[in-house]
Structures are given as C-alpha cells and as structure tokens.
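Visitor: Hi! I'm new to reading protein structures, so could you walk me through this one?
Guide: Happy to, let's take a look together.

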Amino acid sequence: LKVVACAGSGKTTLLRAYARARPDSRFLYLAYNASVGAHAKKTFPKNVTCANIHKLAYQRIGYKYQKKLRGDFSFTGNDLTRERLV
C-alpha cells in the first residue's frame, strides 16, 4: 500500500487505522526523518515496523561503506570560505 497525499490530509491516521484493523498482517512504515519515525514507533500498533528511510538505507547498503564514513559531517561557514581560498 502506498499513500500519496498532501500534508494534513490524514495519511498517518489512515495508515494507523488500516494496521489496527489487520492485526495478523505485518507492515513497514517509512518516515523521511528520524523524529517522525520515532514518533510513529510510539503510536503505531505492534504489527507495524517503523523506521526512517536513511536508517533503512544504511542497514541495507550503507554499512558496507562504514570505514569511509566519518562520524562528524558538520562544518562552519569559515570552513567553506577557507576551502574556496585554498
């Protein structure tokens, strides 16, 4: 089941009710970010696995590149200026 609709139209409410009406079925709810996924995990029934898209991608593919990833992706405006000048 894929639901496409505008913000505030009741997508999450519909999916929650759909999952509750089918307790013997299993579902995957994918959120775009971690905070929405964490909130969904608290509010959806137990037959729904809630995750965010980035976490799912890392579990399936990203772990292969773990050694190439750095823990801190942050930078400051000064960092950008410095790189442009060098």
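**A chat about the chain**

Guide: Let's start with Tyr18, which sits in helix 1, spanning residues 11–20. Keep in mind that this is a predicted model.

Visitor: Okay, is Tyr18 buried, exposed or partly exposed?
Guide: Tyr18 is partly exposed, because its relative accessible area of 30% falls between the 20% limit for buried and the 50% limit for exposed.

Visitor: Which residues make the nonpolar surface patch with Tyr18?
Guide: Leu1, Val3 and Leu14 join Tyr18 there, and the patch covers about 380 Å².

Visitor: Let me zoom out. How many helices and strands are in the chain?
Guide: The chain has four helices and two strands. Starting at the N terminus, their order is α-β-α-β-α-α.

Visitor: And what share of the chain is buried?
Guide: Of the 86 residues, 17% are buried.

Visitor: Can you show me some buried ones?
Guide: Sure, try strand 2, residues 48–52, where you'll find Cys50. Cys50 has a relative accessible area of 11%, so it counts as buried, the cut-off being under 20%. Val48 is also in strand 2, and Val48 is buried too, with a relative accessible area of 10%.

Visitor: What is the C-alpha distance between Cys50 and Ala40?
Guide: Their C-alpha atoms are 6.3 Å apart, although 10 residues separate them along the chain.

Visitor: How about Val48 and Ser25, how far apart are they in space?
Guide: From C-alpha to C-alpha, Val48 and Ser25 are 8.6 Å apart, with a sequence separation of 23 residues.

Visitor: New topic: where is Ser35?
Guide: Ser35 belongs to helix 2, which covers residues 34–43.

Visitor: Buried or exposed?
Guide: Ser35 is exposed, because its relative accessible area is 53% and the cut-off is over 50%. Between the C-alpha atoms of Ser35 and Asn52 there are 8.5 Å in space, and the two are 17 residues apart in sequence.

Visitor: Now pockets! What volume does the largest pocket have?
Guide: The volume of the largest pocket is about 440 Å³. It is lined by 21 residues, and the closest to its centre are Val3, Leu15, Leu28, Tyr29 and Leu30.

Visitor: Which elements give two or more residues to that lining?
Guide: Those are helix 1 and strand 1, the latter being residues 27–31.

Visitor: Hey, Val3 came up before, didn't it?
Guide: Good memory! Val3 is part of the nonpolar surface patch, and Val3 is also among the residues closest to the centre of the largest pocket.

Visitor: Last one: what classes of residue make up the lining of the largest pocket?
Guide: The lining has 15 nonpolar residues, along with four polar and two charged ones.

Conventions
Residues numbered from 1 in each chain as written. Predicted model: local features only at pLDDT ≥ 70, side-chain atom pairs only at ≥ 80, totals over all residues. Heavy atoms only, no water. Patch = residues over 30% accessible without salt bridge, like charges linked within 9 Å, V, L, I, M, F, W, Y side chains within 5 Å. Areas by Shrake-Rupley, 256 points an atom, 1.4 Å probe, with all protein chains shown as cover. Salt bridge = Lys/Arg side-chain N within 4 Å of Asp/Glu carboxyl O. Buried < 20%, exposed > 50% of the residue type's maximum accessible area, 1.4 Å probe, protein only. 1 Å grid on protein atoms, 1.4 Å probe; cavity = no way out; pocket = protein on both sides within 12 Å on 5 of 7 lines; lining within 4 Å. Points joined across faces, edges and corners; volume = space filled by probe spheres on them. Nonpolar A, V, L, I, M, F, W, Y, C, P; charged D, E, K, R; others polar.
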